[in-house]
Amino acid sequence: MRTESREQILPSLNQTTKDLLQRPAKATWVENAFLFWECRRTFARVTGIVFVLSIMLALSLPKEYVSGARIMPPEQGGNSAAMLATLLGKSSAGGLAGLAGSLLGGKNTGALFVALLHSGTVSGHLIDRFDLQRVYHKRYREDTAKRLGHLTKITEDPKSGVIAIAVTDEKRERARDLAQGYLDELNNLVAKVNTSSAHREREFIEQRLNTVQTELQRAQLELSAFSSKNTTIDIKEQTRATVEAGAKLEGQLIAGESELDSLRQIYGNQNVRVRAAEARNATFQRELQRASGQDPTDPDRKNIDASHPYPALRRLPQLGVQWANLYRNVRIHETVFDLLSQEYETARIEEVKSIPTVSVIDVPWLPERKSGPHRTLIVLISLLLSVTGTAAFLLVRRSWLEIDHEDMRRVLVAHIGTTIRGRRRSNPV
């Protein structure tokens, strides 16, 4: 077995350092300090190398900007608290639902809004909205959500209840937009899953309003089709107009017959004026028969009703009943539709009032100065770690050299090293 003796390791050190390394007793702080002084060049080399590397690392790190907002959640109770509890039960795990249940009796919903801001629904919408998978160079949405959560800090002041949102990003504009995105998504999420009584009332009225509107349109179409087919506009007015027209025709017919008798006695039956009077009286007779509901025909055997704009007087009572039913149905649906429209507008206003909206105290701002990285601190910490590591290495090396080469610990380490080197030679890369 190949081992290194203490005599083979010590020639590179001066005599004073050899004496310090060979002391079997526990070294004092003076001896440790003397060892460090003798190895000051080692400290200098390591510190110099770490100093250069730390500066390169600090300069390679991208700048970070922090933007945020401060909001004050509304005081909620009763239906609003129940709405938020349902919202948390839908948007996240059971832990958030339990949190909502514990807050149902209280008025402060600050913790509830903090839980909503941490929910997967909000983070998922922000990932899609700002394409954070590409920005953070993540393959999976889960890793992107974790990265976003790591860069976002949401806290609540236990005394005032004010919620602070702070988002860190490499671009100042995106940091501001992400902070504003949290506020937008919170409002959208609360409004989307609103289950208050005003919301349920608005949904019911909206469904009923759509149904009544469909029924009203159908009733109007039925009334329109009936009126077009039977030429009925207003049955009462049409009845009165038809009776007046019939009376006037009958009076004209009586006067025409008297005039015809006089013309016959004076001019005879073949006179032109007699024939014109006969034709005029025949027209009055047909119009009077049609108005009374009879079925007259003209010389060409065509129905006079086909060209007349109004129905006959005999048909008006029957048409009036059907027209009145259709008209009453339209009026009922119009009245219900007007009432529901008013109720719908009132319910919409009440729903908006019942939706809890956050009160923004400080809107997201555009950061002017970077928040990180702290390059000076990185360099100082790196130098401190290098000095500490070098000192620890020298102390460990001295302790190792003090161990006898026949000690089992040393033999074990030498055996492991020999085995590893042998495997590397037999299995070269």
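This is a short tour of a predicted model, going from the whole chain to one helix pair and then to the paired strands.

Begin with the whole protein chain in view: its secondary structure comes to 17 helices and four strands, and of its 429 residues 33% count as buried. If you display the surface, the accessible area comes to about 27200 Å², of which 56% belongs to carbon and sulfur atoms. A contact map is worth drawing at this stage, since among contacts between residues at least 6 apart in sequence, 72% join residues at least 24 apart.

Next, select residues 120-130, which form helix H8, together with residues 141-151, which form helix H10; the two pack with their axes 10 Å apart and at an angle of about 100°. Because angles of 65 to 115 degrees count as roughly perpendicular, H8 and H10 are described as roughly perpendicular to each other. To see the residues that meet, show Ser123, Gly124, Leu126, Ile127 and Asp128 on the H8 side, and Arg141, Thr144, Ala145 and Leu148 on the H10 side. Sorted by class, this contact has four nonpolar, three polar and two charged residues.

Then move to strand S1, residues 65-72, and add strand S3, residues 163-169: the two pair in the antiparallel sense over seven bridges. Within this pairing, tyrosine 65 can be picked out, standing opposite aspartate 169 in S3.

Finally, keep S1 selected and add strand S4, residues 359-362, which runs antiparallel to S1 and is joined to it by three bridges. Here the pair to label is methionine 72 and serine 359, the latter in S4, which stand opposite each other.

Methods
Residues numbered from 1 in each chain as written. Predicted model: local features only at pLDDT ≥ 70, side-chain atom pairs only at ≥ 80, totals over all residues. Heavy atoms only, no water. Buried < 20%, exposed > 50% of the residue type's maximum accessible area, 1.4 Å probe, protein only. Contact = heavy atoms within 4.5 Å. Areas by Shrake-Rupley, 256 points an atom, 1.4 Å probe, with all protein chains shown as cover. Axes fitted to C-alpha atoms, helices over the stretch in contact; angles between N-to-C directions. Parallel < 35°, antiparallel > 145°, perpendicular 65-115°, else oblique. Nonpolar A, V, L, I, M, F, W, Y, C, P; charged D, E, K, R; others polar. Pairing = 2+ DSSP bridges.
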